[in-house]
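Hi,

Here is the structure I promised to pass on to you. Have a look at it first, and then read my notes below.

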Amino acid sequence: HGLAHEITGRHSKTMNVSMSDAALSARYDFAVSVVQQAGAVAMRHFRRSDGLGIIEKGPQDLVTAADHAIDALIRNAIQSRFPDDGILTEESGGDISAQVWVVDPIDGTGNFARGIAGFAISIAFSLNGDTRIGVVFDPVAGELFVARRGHGAFCNGERMRVSTTATMGRAAVEAGYSRRTSSRDYLALMARLLDGGCECVQFGSAARGLAQVAAGRIDGYVEAHLFAWDVLAGLLLVEEAGGYADPFPLEGDGQKGLPVRACTRGLARQLQEAMNGASDPLDKMS
Ligand code: IPD
């Protein structure tokens, strides 16, 4: 332990760095502070009357001036405070190292760009491939969701617990979608959830959706393909609120997307079946 072992160089691939509790606490305090600064910047842009500076990265894939401003704010803050930590963000990429920050400056950019409340800033800190800190801030609702591995999950200081829902017939599940996967697979997943009795929602921010699972407001979140920056913080929130979350290993350049399932423990198997889908309900319809 101790600071001597803490620093291994920016792009170190070694995944056996040890870090003191004090060093982790310092990063947690920093994350809580910087995510709120980022939220203030998001709100200044969101409330502007002269447009949001929207750029199309691809079909239905938007980025705004706020994404870039927040990306720069968080990146600069990390670099000046923890110069030896790695950084991976949605907007400017990065690399995976033993101690790395994984950041989505605005998750739910589609909502944000349309002036719809339903976006969040997501910041995770991963040590040796394990997410140790996760913070998600929804600045419109004024809700700050935080977790440290082993220390529980909290919303504005109140302890969070996932719901007790254990059957699809009582569950509300968010099923996220992007054009990175096929509409047919999404419709088949939806059909299985609906046939199982779920109430299905789609609010358009995975980070915020996962926070809602942790808070016990909805019972699960599923999506066929998401990136680390969208979900690492939210997955830790769900685990620390007593829920189940699929592992999301950080690998290579961090650009690899994976399926995501996070829910109450009682729903984990049923949602897995809905995602795997031995039989495609749409076959019966055609
Ligand atoms: C998107 C949101 C959305 C999810 C998409 C993501 P972005 O992230 O999390 O809810 O369904 O797959 O790409 O682009 O708004 O950061």
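**Two asparagines in loops**

N156 sits in the loop that runs between β9 (153-155) and β10 (158-159). Keep in mind while you read that this is a predicted model. What is the sign of phi at N156? It is positive, at about 45 degrees, although N156 is not a glycine. N156 has a relative accessibility of 46%, so it counts as partly exposed.

N128 is another one to click on. You'll find N128 in the loop between β6 (120-127) and β7 (130-138). Its phi is near 55 degrees, again a positive value in a residue other than glycine. The relative accessible area of N128 is 26%, and because the partly exposed class runs from 20% to 50%, N128 belongs there too.

**The aromatic rings**

Next, the rings. How many aromatic pairs turn up in a search of the whole structure? The count is nine. One of them is F30 with F82: the ring centres are 5.2 Å apart and the planes make an angle of 90 degrees, which is an edge-to-face arrangement. This pair joins distant parts of the chain, since 52 residues separate F30 and F82. F30 belongs to helix α2 (residues 21-46), while F82 is in the loop between α3 (65-81) and β3 (86-89). Are these two buried or exposed? Both F30 and F82 are buried.

Now compare F112 and F119. Why is this pair called edge-to-face? The ring centres are 4.8 Å apart and the planes stand at 90 degrees; planes over 60 degrees apart count as edge-to-face, so F112 and F119 qualify. F112 and F119 are both buried as well.

F30 and F82 also have company: together with W101 and F125 they make up one aromatic cluster.

**Around the ligand**

There is a ligand to look at too. Which residues are closest to it? Of the 16 residues that surround the ligand, the closest are D107, G108, T109, R180 and E223.

A few atom-to-atom distances are worth finding on screen:

- E90 has a polar side-chain atom 2.9 Å from an oxygen atom of the ligand.
- I106 has a backbone N or O atom 3.3 Å from an oxygen atom of the ligand.
- Y177 has a polar backbone atom 3.2 Å from an oxygen atom of the ligand.

Let's stay with Y177 for a moment. Y177 is in the loop between β11 (172-175) and α5. With a relative accessible area of 30%, Y177 is partly exposed. Its C-alpha atom is 9.8 Å from that of S205, and the two residues are 28 residues apart along the chain.

D107, one of the residues closest to the ligand, can be paired with D67 in a similar way. Their C-alpha atoms are separated by 9.0 Å, with these positions 40 residues apart along the chain. D67 itself is in helix α3. Why does D67 count as buried? Its relative accessibility is 0%, and buried means under 20%, so D67 falls in that class.

**Empty space: a pocket and a cavity**

Rolling a probe the size of a water molecule over the atoms shows where empty space is left. Let's take the second largest pocket, which has a volume of about 270 Å³. It is lined by 19 residues, and D185, L189, R192, A224 and M275 are the closest to its centre. Which elements each supply at least two residues of this lining? They are α5 (183-195), β13 (220-226) and α8 (268-276). α5 gives the most, with five residues. Sorted by class, the lining of this pocket has seven nonpolar, eight polar and four charged residues.

As for cavities, the structure holds one of 30 Å³ or more. The largest cavity contains about 40 Å³ of space. What lines the largest cavity? The residues are A228, F248, P249, L250, E251, G254 and K256. By class, the lining of the largest cavity divides into four nonpolar, one polar and two charged residues.

That's everything I wanted to hand over. Happy exploring!

Note on methods: Residues are numbered from 1 along each chain as its sequence is written. This is a predicted model: local features need pLDDT of at least 70, side-chain atom pairs count only at pLDDT 80 or more; totals for chains, interfaces and linings use all residues. Side-chain values use heavy atoms; hydrogens and water are left out. Rings of Phe, Tyr and Trp (its six-membered ring) pair if their centres lie within 6.5 Å; planes under 30 degrees apart count as stacked, over 60 as edge-to-face and the rest as tilted. Helices (H or I, at least four residues) and strands (E, at least two) are DSSP runs, numbered from the N terminus. Buried means under 20% relative accessible area, exposed over 50%, partly exposed in between (1.4 Å probe, protein chains only). On a 1 Å grid over the protein atoms alone, a cavity is a set of points where a 1.4 Å probe fits but cannot get out, and a pocket is an open set with protein on both sides within 12 Å along at least five of seven lines; lining residues have an atom within 4 Å of a point. Grid points are joined across faces, edges and corners, and a volume is the space filled by probe spheres set on the points. Ala, Val, Leu, Ile, Met, Phe, Trp, Tyr, Cys and Pro count as nonpolar, Asp, Glu, Lys and Arg as charged, and the others, Gly among them, as polar. A residue is near a molecule or strand if one of its heavy atoms lies within 4 Å of it. A polar contact is a pair of N or O atoms within 3.5 Å; within protein, one must be able to donate a hydrogen and the other to accept it, and residues adjacent in sequence count only if both atoms are side-chain atoms.
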